[in-house]
Amino acid sequence: QASELAKVRQKGGVHVTSSTLKWVMGTGRRLPPHSVPVVEEDPTTVWCRVKQHSTFTAGALKDGVCTVPFINAVHTVDRDFEVLVSLNGSSRVLRKPWDKYQAPPPNAVAAEHQCLLAMHIFEDGTVHAGYLKPKERRAYIVQGTKVTKEEAASVLVEDEPLRYDLRNIKLDGLRTEVSPDEVELTSVTLLNPGSSEQRIVEPATVTVRHLVYWGRVKGTLAGRNALVVSPDGEQRHLVWGDQNELDRAHQLLLEADLPPGTGSNARVLATIRKTEAPYTGKLTSIYADGGRLARTIQGLHMDQRLIELRAVYSPPFYLHNKTELDVPGLSRILYQSSTTTSTSTTTTTSTTTTTQEPAKTAPASMSEKPQSGSLSRGLGTFFTGTAIAASASIELCFFL
């Protein structure tokens, strides 16, 4: 079925594409789903438009007949007309008053550039439809078998939501795709060129990017603020329709007690999990006047987050010839979390693994908060295997 997104007239006369309304071809007496009524009290009479001599004119559709005013005459057609519909029931329309002394209200719905959908309430209380010509400052309304010219009318306006609220989310587990990836965030070489054993301290800062996206859903406006309540109850304030980048900076202190004339290479590794999953949920549009419009939507959720963070230390080596000491390297898990796309828990672990070649740890997950500047905690371990607590909450300290 052919369709075209509707246009709305903004302040200053600029026309833009509507995000929630479209024109579809009529199909006789049967109304398309979510047809927009001329008045809410009568859902059987809806807005329509007809092309007359390459120009669209607007009116009302009733019982399969589209009736429009055109050059002071009433035209009726029972085919080749279009009906105004709400995309998936997503639109909220208002009827705002207008008179010849003022410009049309912003977001007035247009049949074409100089033809805005308008209606007039006559003295007998009946409502009739037609269109407004902004340049002429006059509305043309069908009343029975004649066209009346009115200097005041009500104009159909698309109301745009201020923000969205998404909850009651159900992810499609059968079609969920998960792909883990290990990346090196930073590497630091700790050096002790002195003649005695020393504790060498090197600061490091790593940034972990958490990406969250809930899709571009038909009938919604990208860029609006949105509150998303995940299946586990966690709330996030996001930007709707955009890929949200929720970066977290971790300030680290890498420390090692090194013998004289030795060094050690420390690498900070992260396991990143990428998830894609179709979902259904309840999306509520919230408007400036406090009005709400809720509906069930389908979309695609994408998430990229840190699920494991660990440090890998090389065996100590002599600085003059890079020969390694007969001491094994260390691999320390900093975070190991158990996260699914519907539940989230985080565990800080103090496990230290002594390896010649650090083995990759199986991917696990870690919950993230939608804010940057979050700080990390951890435990440190000497090469001798003694574990100690980090000295401050803003640091991750690792001891060789």
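# Exercises on a predicted model

Strand E19 has two faces: Arg236 and Leu238 make up the covered one, while Gln235, His237 and Val239 make up the uncovered one. The structure is a predicted model.

## Exercise 1. Strand E19 and its partner

Task: Explain why the covered and uncovered residues of E19 take turns, then find the strand that pairs with E19.

Solution.

Step 1. Start with the general rule. Side chains in a regular strand alternate between the two faces of the sheet.

Step 2. Apply the rule to the list. Arg236 and Leu238 fall on the covered face, and Gln235, His237 and Val239 on the uncovered face.

Step 3. Look for the pairing. Strand E18 (residues 225-229) runs antiparallel to E19, and five bridges join them. One bridge partner pair is Ala226 with Leu238 in E19.

Step 4. Inspect the connection. E18 and E19 form a hairpin with five residues between the strands. Gly233 has a positive phi near 95° there.

Step 5. Check Arg236 on the covered face. Its relative accessible area is 7%, under the 20% cut-off, so Arg236 is buried. Arg236 forms a salt bridge with Glu234, with 3.5 Å between the closest N and O atoms. Glu234 has a relative accessible area of 16%, so it is buried.

## Exercise 2. Two hairpins and a ring pair

Task: Trace the pairing of E11, E12 and E13, then classify the ring pair of Tyr131 and Tyr140.

Solution.

Step 1. Pair E11 with E12. Strand E11 (residues 127-133) and strand E12 (residues 138-143) are antiparallel, with four bridges. Lys133 has Arg138 in E12 as its bridge partner.

Step 2. Check the turn. Four residues lie between E11 and E12 in this hairpin, and Arg137 in the turn has a positive phi of about 55°.

Step 3. Continue to E13. Strand E13 (residues 146-150) runs antiparallel to E12, joined by five bridges. Tyr140 has Lys149 in E13 as its bridge partner. The hairpin has two residues between the strands, and Gly144 has a positive phi near 70°.

Step 4. Turn to the rings. The whole structure holds three aromatic pairs. The ring centres of Tyr131 and Tyr140 lie 5.4 Å apart and the planes meet at 25°, so this pair is stacked.

Step 5. Check exposure. Tyr131 is buried at 6% relative accessible area. Tyr140 is buried at 10%.

## Exercise 3. A tilted pair

Task: Say why the pair of Tyr164 and Trp240 counts as tilted, and where its members sit.

Solution.

Step 1. Take the geometry. The centres are 5.7 Å apart and the planes of Tyr164 and Trp240 are at 50°, so the pair is tilted.

Step 2. Place the residues. Tyr164 is in strand E15 (residues 163-171). Trp240 is in the loop between strand E19 (235-239) and strand E20 (244-258). The pair links distant parts of the chain, 76 residues apart.

Step 3. Check exposure. Tyr164 and Trp240 are both buried.

## Exercise 4. The disulfide

Task: Which cysteines form a disulfide, and which strands hold them?

Solution.

Step 1. Count. There is one disulfide.

Step 2. Identify. Cys48 is joined to Cys66, with an S to S distance of 2.0 Å.

Step 3. Place the ends. Cys48 is in strand E3 (residues 46-52) and Cys66 is in strand E5 (residues 65-70). They are 18 residues apart, in distant parts of the chain.

Step 4. Describe the link. The angle about the S-S bond is 90°, and the link of Cys48 and Cys66 is right-handed. Both Cys48 and Cys66 are buried.

## Exercise 5. Charged side chains

Task: Locate the salt bridges of Glu40 and Asp42, then follow Arg49.

Solution.

Step 1. Get the total. The structure has 20 salt bridges.

Step 2. Take Glu40. Arg95 and Glu40 meet at 3.2 Å, N to O. Arg95 lies in strand E8 (residues 92-99), and Glu40 in the loop between E2 and E3, 55 residues apart. Arg95 is partly exposed at 23% relative accessibility.

Step 3. Take Asp42. Lys62 and Asp42 meet at 4.0 Å, N to O. Lys62 lies in strand E4 (residues 55-62), and Asp42 in the loop between E2 and E3, 20 residues apart. Lys62 is partly exposed at 36%, and Asp42 is partly exposed at 25%.

Step 4. Follow Arg49. Salt bridges with shared partners join Glu4, Arg49 and Glu82 into one network. The charged end of Arg49 also sits over the ring of Phe56, 3.8 Å from its centre.

Methods:
Residues numbered from 1 in each chain as written. Predicted model: local features only at pLDDT ≥ 70, side-chain atom pairs only at ≥ 80, totals over all residues. Heavy atoms only, no water. Disulfide = S-S within 2.5 Å. Buried < 20%, exposed > 50% of the residue type's maximum accessible area, 1.4 Å probe, protein only. Pairing = 2+ DSSP bridges. Phe/Tyr/Trp six-rings, centres within 6.5 Å; stacked < 30°, edge-to-face > 60°. Lys NZ or Arg CZ within 6 Å of the ring centre and 35° of its normal.
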